[in-house]
Amino acid sequence: MKPPPFDHHAPETLEEALEVLARTGEDAKVLAGGQSLIPLLNMRLAAPAHLVDINRVASLDTLEVTEEGVRIGALARHARVERSAQAAATQPLLRAALRHVAHPVIRNRGTVVGSLAHADPAAELPAVLALLEGTVEAASVAGRRTIGAAEFFAGPLESSLRPGELATGAFFPALPANAGIAFAEVARRHGDYAMAGAAALVTVDEDQRVSSARVAYLSVAATPLVLDLTGVLERRPPVTCDWAAAAAYARDHMDTDEDIHASAEYRRHLAGVLTERVLRAAAQQAL
Amino acid sequence: MTEIGLTVNGVLRAASAEPRRLLSDFLRHDLGLTGTHVGCEHGVCGCCTVLFDGEPVRSCLMFAVTAAGHEVTTVEGLGAGGMSPVQRAFQDCHGLQCGFCTPGFLCTVTALLRDNPRPSEDEVLEGISGNLCRCTGYQNIIKAVHRAADLIAEESGEADR
């Protein structure tokens with residue numbers, strides 16, 4: 001339960017960090033909050049030769065909220081984003097989901113961008129980014145690029161970041177007008193990874209009918225699964241929407257796996273229940 | 001080996017350690033502060049919780065080298081001038097049995113009550129949800145948190161109930 005040896009690099013600027021990453025390439029891991037990486041090291045499930053500790057790169061410790069959305073720098077801790085009233089007003093799904101990320105003490109240290117880069121299919125924030133069609137900003141000595149959520153999550157614990165690249169920030173688009181969000185998950189114990197979770201974004205038109213409904217799921221597939229349920233809900237007012245049909249559609253459009261926490265069937269059942277729950281709540285909020 | 005210096009309980013301390021040295025082990029083995037307990041070493045149990053620049057964090061999920069130059073408060077620093085209100089509340093309410101988890105609870109609760117001096121029952125449950133206790137069944141710990149809130153209020157001369 002002790003980490004294997006590694007070379008520690010503590011750059012103080014982004015340029016230094018990118019230079020070290022360019023030099024160390026595939027042998028390097030980036031250390032930000034460390035709330036996922038250090039357990040992996042302690043359990044010897046990872047043994048990178050180099051650890052690039054970005055905790056001293058002050059320029060990455062940013063949180064910017066504009067009308068367009070919330071831009072979160074690579075060193076912004078979960079707790080900072082969760083407590084930001086501005087961020088919650090612009091995109092309430094962030095706070096709603098962050099409250100389910102582990103425990104408050106872990107959120108003091110863990111970072112939003114780190115959670116995205118870790119790309120755990122059971123984590124909350126990748127599903128949020130996928131639902132909102134947000135982006136990850138990456139930089140390397142070769143330049144910068146912006147990666148859409150759908151492309152960013154390549155597989156379980158696998159992002160499309162290249163060796164030598166650093167995720168410098170992420171952008172979560174603002175909640176549109178006449179829209180509502182909801183987040184729910186089921187875990188055996190509060191703070192554990194969820195057996196299934198769902199986030200919804202529902203929009204209504206001027207006649208208060210559901211004009212768009214999308215749900216993103218965690219813990220049901222290798223990457224965050226996003227389903228568009230707009231068609232199933234037939235553009236009705238929320239009071240007459242057939243939520244059970246949406247739940248059934250969702251269950252039929254996911255290929256869940258079993259593990260020690262839940263059977264594939266139970267996981268699919270939970271996803272259906274959660275679909276109905278988050279859609280109702282998000283539609284109510286949209287009105 | 002690297003020389004690592006940080007402020008622990010208000011005192012500047014330094015020792016030499018490998019970069020892979022966890023802050024929890026640095027405190028215990030290199031600085032001799034064995035009040036911080038090590039349980040699971042993957043962030044689940046909360047026994048190793050310390051205050052890092054005032055905020056509770058898992059010392060087993062941070063490298064000492066990352067903590068260099070920062071301020072750490074361990075359980076030894078909570079009761080520097082006699083037991084703190086939180087420590088007395090845990091004693092009064094029998095909020096511990098074997099005591100292994102207690103240093104982590106004390107650090108977590110100290111920060112919780114600093115940020116939220118009168119937490120609701122749900123806020124207490126949420127606040128301590130990341131700390132495991134295998135003895136007490138938590139009821140007396142929850143009582144101790146409310147009792148500590150009372151003591152802090154009384155002692156700051158603002159008793160409100």
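Biologist: Hi! Starting with the helices, how are helix 10 of chain A and helix 11 of chain A set relative to each other?

Modeller: Helix 10 of chain A and helix 11 of chain A are oblique to each other. Keep in mind that this is a predicted model.

Biologist: Sure. At what angle do the axes of helix 10 and helix 11 of chain A cross?

Modeller: At roughly 140°, and the axes come within 8 Å. Helix 10 of chain A covers residues 243-252, while helix 11 of chain A covers residues 264-286. An angle over 145 would count as roughly antiparallel and 65 to 115 as roughly perpendicular, with the rest above 35 falling under oblique, so this pair is called oblique.

Biologist: And which hand does the crossing of helix 10 and helix 11 of chain A have?

Modeller: The crossing of helix 10 and helix 11 of chain A is right-handed.

Biologist: Which residues make that contact?

Modeller: From helix 10 of chain A you get Trp243(A), Ala244(A), Ala246(A), Ala247(A), Ala248(A), Ala250(A) and Arg251(A). Helix 11 of chain A brings Arg268(A), Ala271(A), Gly272(A), Val273(A), Thr275(A), Glu276(A), Leu279(A) and Arg280(A). By class, the contact of helix 10 with helix 11 of chain A has nine nonpolar, two polar and four charged residues.

Biologist: Let's zoom out. How many helices and strands does chain A have?

Modeller: Chain A holds 11 helices and 14 strands. Its C-alpha atoms fill a box of roughly 60 × 45 × 30 Å along the principal axes.

Biologist: What does the radius of gyration of chain A say?

Modeller: The radius of gyration of chain A is 19 Å, which agrees with the value near 19 Å for a compact globule of 287 residues.

Biologist: What domains does the assignment give for chain A?

Modeller: In the domain assignment, chain A is split into domain 1 (7-56), domain 2 (58-173) and domain 3 (184-286).

Biologist: How far apart are the centres of domain 2 and domain 3 of chain A?

Modeller: The C-alpha centres of domain 2 and domain 3 of chain A are 22 Å apart. Their contact takes 18 residues from domain 2 of chain A and 17 residues from domain 3 of chain A.

Biologist: Which elements of domain 2 of chain A give two or more residues to that contact?

Modeller: On the domain 2 side that touches domain 3 of chain A, these are helix 5 (92-98), helix 8 (124-132) and strand 8 (153-155) of chain A. Helix 8 of chain A gives the most, with seven residues. That side of domain 2 of chain A divides into 14 nonpolar, three polar and one charged residue.

Biologist: Switching to the partner chain, how many residues of chain A are in contact with chain B?

Modeller: On chain A, 21 residues are in contact with 21 residues of chain B. Helix 2 (37-42) and helix 6 (104-107) of chain A each supply at least two residues to the chain A side. That side has 10 nonpolar, nine polar and two charged residues.

Biologist: In what order do the elements of chain B run?

Modeller: Chain B has seven helices and five strands, and from the N terminus on they run β-β-α-β-β-α-β-α-α-α-α-α. The radius of gyration of chain B is 16 Å, close to the 15 Å that the globule rule gives for 161 residues, so chain B is as compact as a globular protein of that length. The C-alpha trace of chain B spans about 55 × 35 × 25 Å along its principal axes.

Biologist: Into which domains is chain B divided?

Modeller: Chain B is divided into domain 1 (2-78) and domain 2 (85-155), with centres separated by 21 Å over C-alpha atoms. In the contact, 14 residues of domain 1 of chain B meet 14 residues of domain 2 of chain B. The largest share of the domain 1 side, three residues, comes from strand 3 of chain B.

Biologist: One last helix pair: at what angle do helix 4 and helix 7 of chain B pack?

Modeller: Helix 4 (residues 85-92) and helix 7 (residues 139-155) of chain B pack at about 135°, with axes 8 Å apart. That makes helix 4 of chain B oblique to helix 7 of chain B, and their crossing is right-handed. Among the residues that meet are Val86(B) and Phe90(B) in helix 4 of chain B and Leu151(B) and Ile152(B) in helix 7 of chain B. The contact of helix 4 with helix 7 of chain B has eight nonpolar, no polar and four charged residues.

Note on methods
Residues numbered from 1 in each chain as written. Chains lettered and ligands numbered in written order. Predicted model: local features only at pLDDT ≥ 70, side-chain atom pairs only at ≥ 80, totals over all residues. Axes fitted to C-alpha atoms, helices over the stretch in contact; angles between N-to-C directions. Helix = DSSP H or I, 4+ residues; strand = E, 2+ residues; numbered from the N terminus. Left-handed = near helix turned anticlockwise from the far one by under 90°. Contact = placed C-beta atoms within 7 Å. Nonpolar A, V, L, I, M, F, W, Y, C, P; charged D, E, K, R; others polar. Domains from an automatic or database assignment. Rg over C-alpha atoms; globule rule 2.2 N^0.38 Å.
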